[in-house]
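Please look through the structure below together with its sequence. The text after it takes up a pair of helices and then the ligands.

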Amino acid sequence: MSKPYPHLLAPLDLGFTQLKNRVLMGSMHTGLEEEKNGFEKMAAYFGERARGQVGLIVTGGIAPNRAGWVAPFSAKMTTKKEAKNHELITQEVHKEGGKICMQILHAGRYGYHPLAVAPSSIKSPISPFKPWKLSQSGIEKTIKSFIRCATLAREAGYDGVEIMGSEGYLINQFIVSKTNKRKDEWGGSYENRIRLPLEIVSRVRKAVGDDFIIIYRLSMLDLVHDGSSWEEVELLAKRIEESGATIINTGIGWHESRVPTIATMVPRGGFSWVTRKLMGKVGIPLITTNRINMPEVAEQILADKHADMVSMARPFLADPEFVKKAMENRRDEINTCIACNQACLDHVFKQKRASCLVNPRACYETELNFTPAQQKKKIAIVGAGPAGLACATYAAQRGHEAHLYEASSEIGGQFRMAMSIPGKEEFVETIRYFKKQMELHKVHVHLNTEVSKEIIEQGQFDEVVIATGVKPRIPDIPGIDHPKVLSYMEVLQGQKEVGEKVAIIGAGGIGFDVASYLLEKAEAPISTEAFMEQWGVDMAHQAKGGLGEASLGLPLRQIFLMQRSDGKLGRKLGKTTGWIHRASLRKHGVQMIGGVKYLKIDDAGLHLDIKGKAEVLDVDHIVVCAGQLSNTKLAKQLASGSTTIHIIGGANEARELDAKKAIREAADLAAGF
Ligand code: FAD
Ligand code: NAP
Ligand code: SF4
């Protein structure tokens with residue numbers, strides 16, 4: 001058989017050292033950095049990824065001083081004692097044959113604390129703290145703290161450092177005139193504004209010697225007004241090379257940018273064209289990034305010469321063995337990152353430990369393990385939604401005889417509806433992953449089997465798991481059985497035609513998703529060019545920062561999205577993705593109405609009381625997305641018998657349910673059988 005993924009798996013010679021392949025595990029803050037026993041946990045976490053054959057790892061950002069903290073008391077490296085802790089990580093990675101660089105991140109005005117500093121005292125739109133303007137001596141001290149941090153990282157055993165110059169953090173704030181209004185030699189001309197990164201890179205190089213990797217993460221597309229022009233990006237890249245960097249990594253978009261750059265609706269590999277523009281302009285390797293989540297995507301990017309190397313971050317939360325599986329031609333066994341952000345970035349933004357929706361072991365490597373079972377059991381799992389799929393897989397992986405029952409003809413449960421939403425096509429990968437794992441671990445799958453008490457009693461199971469999920473809540477509104485009323489299931493499963501004017505009752509995750517489904521043609525997945533046009537990204541990079549005019553096709557329908565409570569619609573959506581859903585619906589002209597009372601439904605339409613004012617929405621259809629109730633039918637039947645049952649996922653609790661919770665509950669249960 002020919003060698004799989006020849007470009008991706010080719011070694012990269014850096015002169016003084018070699019990388020075994022072209023895969024970089026990109027930097028991610030996980031929250032372990034600040035936890036009790038965090039270094040032991042990080043050693044296990046990184047060690048597992050090194051064992052999975054990734055070419056080079058970059059740690060989460062470590063501040064070079066207190067002012068550079070992302071949040072109060074976040075990780076920093078300023079002393080030998082702090083550096084010593086990191087030896088656990090570097091030793092574990094080296095033991096597994098891997099290489100690891102430490103990212104040095106100075107948050108600048110993004111620092112969520114009162115000590116934050118910046119080139120000018122201008123508050124960012126995403127932080128409540130106005131930064132202090134750095135004095136000239138403050139800048140010199142900052143440069144020295146980068147040098148100290150890099151030197152300490154070397155002492156701690158790291159193979160190199162990544163200097164974070166993108167995403168709108170301190171260095172990026174110096175580079176761009178929007179945030180740098182200084183009149184001294186650190187501001188004004190572009191030459192002055194790039195002085196800080198050049199000083200940092202050249203002086204770090206001098207301090208650490210020639211045989212130490214320095215990656216510079218360069219913001220190639222700021223996606224903020226008044227950001228860098230393409231000529232400036234190119235010039236900076238050349239000067240960074242001259243200053244002694246080993247590799248240039250790509251940064252796309254500032255955190256305050258209002259263009260989605262990594263969420264699931266971004267096309268796979270959708271920003272590699274940015275790095276490609278720099279290919280051939282510098283002599284050192286370039287890394288491209290963003291929404292690269294499968295080996296064939298990475299391989300194509302490299303084969304097309306968009307970059308010399310690819311960075312994937314979240315895909316290594318989803319599957320530590322990504323590269324190993326690619327090497328062994330086991331692509332179908334990869335647990336694909338679906339770019340939902342639900343357990344990774346959304347957790348970090350809430351100061352919670354990161355994990356992964358599709359892999360609850362991520363960052364819990366020392367706490368959640370599916371070890372071989374001491375005693376083999378016969379286990380029935382009823383319902384093949386995310387909870388049932390995960391439970392059956394993990395139980396069988398441990399050696400149990402798992403029988404998975406599903407009433408319908410297909411596995412996936414509600415996740416099947418999720419994957420029909422435009423921009424959520426990735427969700428199909430999770431179903432593919434569990435299907436493959438169940439084959440490998442010999443789960444007995446019984447489709448088209450609605451389980452009753454009799455089936456359970458006849459099966460003589462040692463354990464019975466109820467994962468029968470949820471059913472839609474039907475609100476008590478006069479006329480709710482009118483022919484104009486449809487459930488979200490009828491709509492998403494294509495059972496009913498939907499008219500051009502639609503009211504949606506309920507503005508939770510499903511209400512928003514149904515609105516997107518009804519607005520856009522299911523021509524998935526969207527092309528990179530169409531996505532960039534929709535969000536106003538200027539691929540010619542004529543405007544500074546790469547922002548142009550957004551242009552949308554006409555929406556398919558007129559939509560009213562409603563909730564009874566006051567306040568912003570969609571406030572419970574994910575922290576890092578909710579704004580995208582709201583912006584997208586707003587752009588499509590969806591009318592979002594809060595504080596409504598549903599009075600009745602009749603031939604005239606939906607009768608409402610909106611904050612004391614009566615109104616009738618003359619719509620063709622009313623789609624109910626008013627939340628869920630647990631499907632407890634089977635659990636109730638079994639409650640009276642002698643079988644001990646375990647209830648997980650939506651069947652257990654419909655409130656606050658999502659696939660992350662369903663899979664995590666399944667994993668915890670299966671680990672204990
Ligand atoms: P379910 O998915 O409801 O699965 C239960 C299964 O049990 C079903 O297949 C059912 O047929 C079967 N069953 C029931 N009774 C029996 C019986 N007696 N015998 C045999 N089989 C039975 N979550 C997220 O985290 N992120 C998202 O972005 C997201 N988007 C969504 C978008 C849409 C449009 C929808 C509808 C849901 C979305 N969700 C999302 C929610 C997520 O899909 C659910 O939280 C998750 O599927 C719940 O998993 P579960 O296994 O508990 O139940
Ligand atoms: P949900 O988020 O709980 O939203 C239910 C909506 O229905 C709310 O807007 C609620 O608002 C309304 N509602 C509740 N009871 C009602 C009643 N009796 N009459 C009329 N309206 C009522 O639930 P969901 O949208 O069904 O989503 C289910 C789960 O799937 C969620 O927990 C979510 O996490 C997950 N999901 C996640 C995503 C994602 O992108 N992460 C996407 C889809 C689904 P009012 O009470 O104010 O009217
Ligand atoms: Fe990817 Fe979602 Fe897992 Fe984050 S939580 S790593 S986005 S699958």
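The following paragraphs describe one helix packing and the surroundings of two ligands in this predicted model.

Begin with helix H14, residues 386-397, and helix H23, residues 659-672. Their axes lie 8 Å apart and the helices pack at an angle of about 30 degrees. Angles under 35 degrees count as roughly parallel, so H14 is roughly parallel to H23. The crossing of H14 past H23 is right-handed.

From H14, the residues in this contact are Pro 386, Ala 387, Ala 390, Cys 391, Tyr 394 and Ala 395. On the H23 side they meet Ala 659, Ala 662, Ile 663, Ala 666, Ala 667, Leu 669 and Ala 670. By class, the contact of H14 with H23 consists of 13 nonpolar residues, with no polar and no charged ones.

Ala 659 of that contact appears again at ligand 1, where it is one of the nearest residues. Ligand 1 has 37 residues around it, and Gln 342, Glu 406, Lys 424 and Gly 650 are also among those that come nearest. The side chain of Gln 342 places an N or O atom 2.7 Å from a nitrogen atom of ligand 1. For Glu 406, a polar side-chain atom is 2.6 Å from an oxygen atom of the ligand. Val 470 takes part through its backbone, with a polar atom 3.4 Å from an oxygen atom of ligand 1.

Ligand 2 is surrounded by 21 residues, the closest being Ala 507, Arg 564, Ser 565, Gln 628 and Leu 657. Two backbone contacts involve oxygen atoms of ligand 2: Ala 507 has a backbone N or O atom at 2.8 Å, and Gly 508 has a polar backbone atom at 3.3 Å. From the side chain of Gln 628, a polar atom lies 2.6 Å from an oxygen atom of ligand 2.

Key. Residues are numbered from 1 along each chain as its sequence is written. Chains are lettered from A and ligands numbered from 1 in the order in which they are written. This is a predicted model: local features need pLDDT of at least 70, side-chain atom pairs count only at pLDDT 80 or more; totals for chains, interfaces and linings use all residues. Side-chain values use heavy atoms; hydrogens and water are left out. Axes are lines fitted to C-alpha atoms, for helices over the stretch in contact, and angles run from 0 to 180 degrees between N-to-C directions. Helices (H or I, at least four residues) and strands (E, at least two) are DSSP runs, numbered from the N terminus. Angles under 35 degrees count as roughly parallel, over 145 as roughly antiparallel, 65 to 115 as roughly perpendicular and the rest as oblique. A crossing is left-handed if the near helix is turned anticlockwise from the far one by less than a right angle, and right-handed if clockwise. Contact means heavy atoms within 4.5 Å. Ala, Val, Leu, Ile, Met, Phe, Trp, Tyr, Cys and Pro count as nonpolar, Asp, Glu, Lys and Arg as charged, and the others, Gly among them, as polar. A residue is near a molecule or strand if one of its heavy atoms lies within 4 Å of it. A polar contact is a pair of N or O atoms within 3.5 Å; within protein, one must be able to donate a hydrogen and the other to accept it, and residues adjacent in sequence count only if both atoms are side-chain atoms.
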